[in-house]
Amino acid sequence: MAAVLGISGEYHDAAAALVVDGVIVAAVQEERLSRIKNDARLPIHAARACLAHAGLAAGDLDRVVFYEDPVEKLERVLVSTLRTFPRSLRQFPRALGTQLGGKVWVIDRIAEALGVARDRVTSTEHHRAHAASAFLCSPYPRAAVLTVDGVGEATSTALWHGDGTQLRELGRIEYPHSLGLLYAGLTAYLGFEVNEGEYKVMGLAAYGKPRLGDEFAKLIQLASDGTFELGLPYFAYLADAELGFGPAMEQLLGPRRPAHRPWDLEHSADDQHYADIAATLQQVTEEALLGLAREARWRTGEPALCLAGGVALNAVANARLLRESGFERVFVHPAAGDAGGALGAAILGAIELGDPRPAALASAALGLPIDQGAAGDLARELGLGVRTASDVATDVAELVASGKIVAFCQGRFEWGPRALGQRSILANPADPDSRERLNRAIKRREPFRPFAPAVLRDRASTYFEGAPSDLTPFMTTVCSIAPDHRERLASVRHVDGSARVQTVDDATAPELAAVLGALDRTIGMPIALNTSFNGAGEPIIGNEIDALGFLMSHPIDALVIGELVITRGAA
Ligand SMILES: [Fe+2]
């Protein structure tokens, strides 16, 4: 029996996760505590928070596992930088600087910062950590596993066979050939921020036509065995990690889209062209993933597939995998990006020390709780209206039904990028005005980014085709809205008639389930518009101070924390 802390960071989203005696006790992204979106620094706050939540001290840890091998990663950076010399001259000192300046000493720095003996801190492989997060949190005893991201140490894609507590690697594709870097390069080309704008590209894709197949055949070549190669001259990341595409890309597809220019898909032929590029990219990504998945099915013979890595956050592609890859069941880790590697690393460490595999992940509420008492005291001190609801679910449903926008905080915050009913903003899914106001005043999303519905699990199939599945509890897929309900659910419907559905029950988010039940009685559907509780570009709300600050600076109508209903005016 062991206490193992997993750590990810120093590249993308940093996180810490704690597994004690084979039980996932806590998992926290650093950004939720530091309030810096995608905070990549060593997650010391998150690590300490996980320990405090469990009532443990650093000295109680049997092992700390970093999610990748810093030495192998350094080797990849050096080799790929030298290969492109002298084009890479400019980047060389920078790459070397970040690696030597800290990352190779990351194990020592973790030991020192946490106060753990150096010999208790180890590392695993980046893609093994992703694979563990997917398979060892899934409900399947055996499965094929695909890990697909930008790049780990040197691997960008790997195929695994999971059996019980074991993961056996069956094949890999190495950097610079990478679906994550293809998507990232085009995300940058389309004027969005890499590691943040990929969701926007996916949303934009539904507005375009995938008519640039000939051009994309130069960017990526798919082989019949599921492997692929990128057309490297089009990608600049070998020489310049910050841009991701080279001048050849602009010769092929036209000039890049300027960042921050407002979108006008109705009237701008240019923007329609960019939407077509997004559509083609999405199609090519789906086909590449389908090729990998079919190979995985054939090689393993397993009926279930698990996925992790940043590319597995592509909910539209996941839906296609479930429909077309031949697998009967598909599971994606809720924190499929690099944060999730922390939990994968912790589970690998625990198993190595002889602990059993954790139970299948039922809920993403693995973060820190919100303090209702402290929230009430602080809210009164700030002169806000505070009342205790006699029945929170009924109160929230009535507010939402009457067109109010309600921030809803219950229990521990979520693990991964989606708000799943613990730190959500809720609105009436049948009221276009609520949606408009929510977007204009709070979320400020591009017009092509849809909002998502949360629905009671046992009623989901009435409204959404293919729901529920193993993907819907964590919003890692999209479903078509049933034709009879498309008009009424226009506020949570994408232009192609799909929706990124979350199915909710007492195991995943009991308080939200109760609200959905109450909404069924008030609006006749157990469905809410559910979006993350944060402003544009901010991390999702963590504690009561963040939540009250949000209420005072954004025009939401009510903030519900536990049983308290807090408003700007008198109660
Ligand atoms: Fe990764």
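Helices here are DSSP runs of H or I with at least four residues, numbered from the N terminus. The model is predicted.

**Exercise 1. Helix α2 and its end**

Task: State which residues of helix α2 are buried, and what they pack against.

Solution.
1. Locate the helix: α2 covers residues 44–54.
2. Apply the cut-off: buried means under 20% relative accessible area.
3. List the buried residues: Ile44, Ala46, Ala47, Ala49, Cys50 and Leu51.
4. Find their packing partners. The strands are β1 (3–8), β2 (15–20) and β3 (23–29). The helices are α1 (30–34) and α5 (106–114).
5. Look past the end of the helix. Gly55 follows α2, and its phi is positive, near 70 degrees.

**Exercise 2. Leu289 in its surroundings**

Task: Decide whether Leu289 is buried or exposed, and name its contacts beyond four places in sequence.

Solution.
1. Place the residue: Leu289 belongs to helix α11, residues 269–300.
2. Read the accessibility. Leu289 has 3% relative accessibility, so it counts as buried.
3. Set aside neighbours within four places in sequence. Leu289 then contacts Val148, Leu179, Val311, Ala317 and Leu321.
4. Check a pair distant in sequence. Leu146 is 143 residues from Leu289 along the chain, yet their C-alpha atoms are 9.1 Å apart.

**Exercise 3. A three-stranded sheet**

Task: Work out the strand order of the open sheet that has β17, β18 and β19, and explain why β17 and β19 stand at the edges.

Solution.
1. Write the order: β17-β18-β19, with antiparallel pairing.
2. Count partners. β17 (464–465) and β19 (498–499) each have a single partner strand, so one side of each lacks a neighbour in the sheet.
3. Inspect one pairing. Strand β18, residues 479–481, is joined to β19 by two bridges.
4. Fix the register: Ser480 stands opposite Ser498 in β19.

**Exercise 4. Where domain 2 meets domain 3**

Task: Describe the contact between domain 2 and domain 3 by area, residues and polar pairs.

Solution.
1. Take the bounds from the domain assignment: domain 2 is 179–332 and domain 3 is 372–567.
2. Separate the centres: their C-alpha centres lie 29 Å apart.
3. Count residues: domain 2 gives 20 and domain 3 gives 17.
4. Take the area. About 1700 Å² is buried between them, and carbon and sulfur atoms give 67% of it.
5. Rank the domain 2 side. Tyr199, Lys200 and Tyr207 lose the most area to domain 3, together 27% of what that side buries.
6. Count the polar terms. There are two salt bridges and six residue pairs in polar contact.
7. Name one salt bridge: Lys200 with Glu446, the closest N and O atoms being 3.3 Å apart.

Technical notes:
Residues are numbered from 1 along each chain as its sequence is written. This is a predicted model: local features need pLDDT of at least 70, side-chain atom pairs count only at pLDDT 80 or more; totals for chains, interfaces and linings use all residues. Side-chain values use heavy atoms; hydrogens and water are left out. Two strands pair if DSSP finds at least two bridges between them. Buried means under 20% relative accessible area, exposed over 50%, partly exposed in between (1.4 Å probe, protein chains only). Contact means heavy atoms within 4.5 Å. Domain bounds come from an automatic or database domain assignment. Buried area is the accessible area (1.4 Å probe) that two parts lose on being put together, summed over both. A salt bridge is a side-chain nitrogen of Lys or Arg within 4 Å of a carboxyl oxygen of Asp or Glu. A polar contact is a pair of N or O atoms within 3.5 Å; within protein, one must be able to donate a hydrogen and the other to accept it, and residues adjacent in sequence count only if both atoms are side-chain atoms.
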